[in-house]
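Work through the exercises below with the model open. Try each task before reading its solution.

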Amino acid sequence: MLSYQHAYHAGNFADVHKHLTVHAVVDHLLHKAASITFVDTHAGRGLYPLDASETQRLGEYRQGVLPLWEARRGLAEEPLLASWLEAIASVQTDSRRLEQYPGSPWWLGQRLRQDDRLQLFELHPGEHEHLALQRLPANVRRLHADGLAGLLAGLPVATPRLCVLIDPSYERKAEYGEVAETLLTTMRKVRHAVVLVWYPLLPAARHLELLERLRDGGLRKIWRSELTLREPGEERGMYGSGMLVVNPPWGLDERLAAAMARVTPLLGETTRYGGGWWVEE
Ligand code: SAM
């Protein structure tokens, strides 16, 4: 039973963390000419109008993309953040107003070259219907199917390089383990793949099962960053956002740290960011 809908959370602090990381990785990968297949295992709707009733209900973007957008002139000298905000401006009908927030299909697909590919998996029928309505380039495939199984079924890919985003809703506890097993199998089949995994930081700390399984499974070069709004245990619910990048591009750590140093004060006094190796080379 799928009930999660990302429209309730679009543009929140976790999206800022996730999509800034995706943006930085894609930017780096596209510097090389060799073609690349991108796979988004949990795509969502693709584009989120911020005035939608679901998004307005919680208004999480007000402690996410909105303060960054409002401060954008003062952030122009921070290169990663400036290009991320310019990309967001480019999807608005009026580039002065923030009316829509782009989801992962857009962050992965906005700069596809002719020989690159993007596969978008979305299992929720309603969410997939929204995704099907998006205008996307011809080398994007939308699949109404399970993303983890679909990723494995498509390996190895036809292009020399592979970049995957795994961004489940973790509605089921078993998803932490399923993500770990899928990632371990993916890396056995495509050793050079660059894989990004998002996970929530919740008081129950279930993300540790994912992290420990990857380490115990022998995977190397796992870089991790976390953005936290407050200390764990102060309130119920998600207190932070985590990202893993397997085979991170060179310099990712420094680029994100510089951007996040400008982001964190805008998201609240207790917001903290940190990054480093979970498992080194
Ligand atoms: N990646 C999106 C973004 O950054 O804009 C947000 C994705 S949201 C966190 C998770 C999505 O995964 C939901 O739209 C949900 O319907 C979908 N989903 C849940 N289980 C799935 C599965 N097994 N395969 C593919 N999609 C799934």
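The exercises go from one annotated residue to the strand before it. The model is predicted.

**Exercise 1.** Locate the residue that the UniProt annotation "active site" covers, and state where it is found.

*Solution.* Start with the record. The unreviewed UniProt entry places its "active site" annotation on D167. Next, place D167 in the fold. D167 sits in the loop that runs between strand 6 (161-166) and helix 8 (174-189).

**Exercise 2.** Is D167 buried or exposed? Which residues is D167 in contact with, leaving aside neighbours within four places in sequence?

*Solution.* Take the cut-off first: a residue is buried with 20 or more other C-beta atoms within 10 Å of its own. D167 has 24 C-beta neighbours inside 10 Å, so D167 counts as buried. Then list the contacts. Beyond that sequence window, D167 touches K18, H42, S104 and W198.

**Exercise 3.** Why is strand 6 described as largely enclosed by the rest of the structure?

*Solution.* Count buried residues. In strand 6, 5 of the 6 residues are buried, so the strand is largely enclosed.

**Exercise 4.** Which strands pair with strand 6, and in what sense?

*Solution.* Take strand 1 (residues 36-40). Strand 1 pairs with strand 6 in the parallel sense, over 5 bridges. Here L165 of strand 6 has D40 opposite. Now take strand 7 (residues 194-201). Its pairing with strand 6 is also parallel, over 4 bridges. In this pairing, C163 has V194 of strand 7 as bridge partner.

**Exercise 5.** What unit do strand 6, helix 8 and strand 7 make?

*Solution.* Follow the chain through the three elements. Strand 6, helix 8 and strand 7 form a β-α-β unit, and the unit is right-handed. The loop holding D167 lies between strand 6 and helix 8.

How values were computed: Residues numbered from 1 in each chain as written. Predicted model: local features only at pLDDT ≥ 70, side-chain atom pairs only at ≥ 80, totals over all residues. UniProt positions renumbered as here; feature names shortened; annotations may be inferred. Helix = DSSP H or I, 4+ residues; strand = E, 2+ residues; numbered from the N terminus. Buried ≥ 20, exposed ≤ 12 C-beta atoms within 10 Å, placed from the backbone. Contact = placed C-beta atoms within 7 Å. Pairing = 2+ DSSP bridges. Right-handed = clockwise from strand over helix to strand, strands pointing away.
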